[in-house]
Amino acid sequence: MIAPPADWVARGPRNPNAPLLITAELPDDVLAWADALRREHYPPERNRLRAHVTLFHALPPSVEEELVDLLGALARTAPPQARFAGVMKLGNGTAIAIESPEMVALHAAIAERMHGLMTRQDAQPLRLHVTIQNKVTSQAARALQEDLRPRLPATSFRFRGFGLYAWEEGLWRPLRVISFHR
């Protein structure tokens, strides 16, 4: 697994009130490629995270044990297949869209279990993606989209697991990765 940059990992005592994030963990080669794009195109003063695919942004910390059990049960399957599905416009940014009906179904199972506990953002329909640029001018975003569209690799891969993190004042505290069975 590629280690995250040390400057985005929360240190010191854990904040017990920090919301929980769930990610779909990318395989190392895809993560390295996407993270290189992110480092190249994301404004450096704002790029505090490695490339990632967020499934849920802010679940209550009180459900951590239940989430670990649920993610463990859902991970008892083969790793979900996925593929890059094109360049996604984010207004003032750019992402790589990901198509994965299997991961969308797993997300729906988590959302059903967390019903009533999700933020408005997490209750929106899931659009799997990796953000590689954000908080730039719309002109810069369009330029990258035009440049990237014809050279986006036709890559298929399998997600390697779920990542569980605590969000602590803009930093992520890795809690665990729950791997899919191979």
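Student: Why is strand β4 (residues 94-99) described as largely enclosed by the rest of the structure?

Tutor: Buried means under 20% relative accessible area, exposed means over 50%, and partly exposed lies in between (1.4 Å probe, protein chains only). In β4, 5 of the 6 residues are buried, so the strand is largely enclosed by the rest of the structure. Keep in mind that this is a predicted model, in which local features need pLDDT of at least 70 and side-chain atom pairs count only at pLDDT 80 or more, while totals for chains, interfaces and linings use all residues. Residues are numbered from 1 along each chain as its sequence is written, and side-chain values use heavy atoms, with hydrogens and water left out.

Student: Which strands pair with β4, and in what direction do they run?

Tutor: Strands of a sheet pair through backbone hydrogen bonds, either parallel or antiparallel. Strands (E, at least two residues) and helices (H or I, at least four) are DSSP runs numbered from the N terminus, and two strands pair if DSSP finds at least two bridges between them. Here β4 runs antiparallel to β3 (residues 81-89), to which 6 bridges join it, and antiparallel to β5 (residues 129-133), with 4 bridges. T94 of β4 stands opposite K89, and T94 also stands opposite Q133 in β5. Between β3 and β4 lie 4 residues that complete a hairpin, and G91 in this turn has a positive phi of about 75°.

Student: What is the order of the strands in the open sheet of 4 strands?

Tutor: The order is β2-β1-β7-β8, with antiparallel pairing. Because β2 and β8 stand at the edges with a single partner strand each, one side of each is left without a neighbour in the sheet. From one strand to the next the twist averages 20°, where axes are lines fitted to C-alpha atoms, for helices over the stretch in contact, and angles run from 0 to 180 degrees between N-to-C directions. Within this sheet β1 and β2 are joined by 3 bridges, and L20 has L59 in β2 as its bridge partner.

Student: Which residues of helix α2 (residues 64-74) are buried, and what covers them?

Tutor: Nonpolar side chains tend to be buried together in soluble globular proteins. In α2 the buried residues are L67, V68, L70, L71 and L74, and their cover includes β1 (20-25), β2 (54-59), α3 (101-113), β7 (161-168) and β8 (171-179), contact being heavy atoms within 4.5 Å. Looking beyond neighbours within four places in sequence, F159 is in contact with several residues, including A24, L26, I98, M103 and F180.

Student: Which parts of the chain does the salt bridge between E64 and R14 tie together?

Tutor: A salt bridge is a side-chain nitrogen of Lys or Arg within 4 Å of a carboxyl oxygen of Asp or Glu, and the whole structure holds 9 of them. The closest N and O atoms of E64 and R14 are 2.6 Å apart. E64 lies in helix α2 and R14 in the segment before β1, so the pair ties together parts that are 50 residues apart in sequence.

Student: Are the partners R160 and E25 buried or exposed?

Tutor: Both R160 and E25 are buried, and their side chains meet in a salt bridge at 3.3 Å, N to O. R160 lies in the loop between β6 (156-158) and β7, and E25 in strand β1, so this pair ties together parts that are 135 residues apart in sequence. Together with R50, these two residues are linked in a network of salt bridges. R113 and E66 form another pair, with closest N and O atoms 2.9 Å apart; R113 is in helix α3 and E66 in helix α2, 47 residues apart. R113, at 43% relative accessibility, counts as partly exposed, and E66 is partly exposed with a relative accessible area of 31%.
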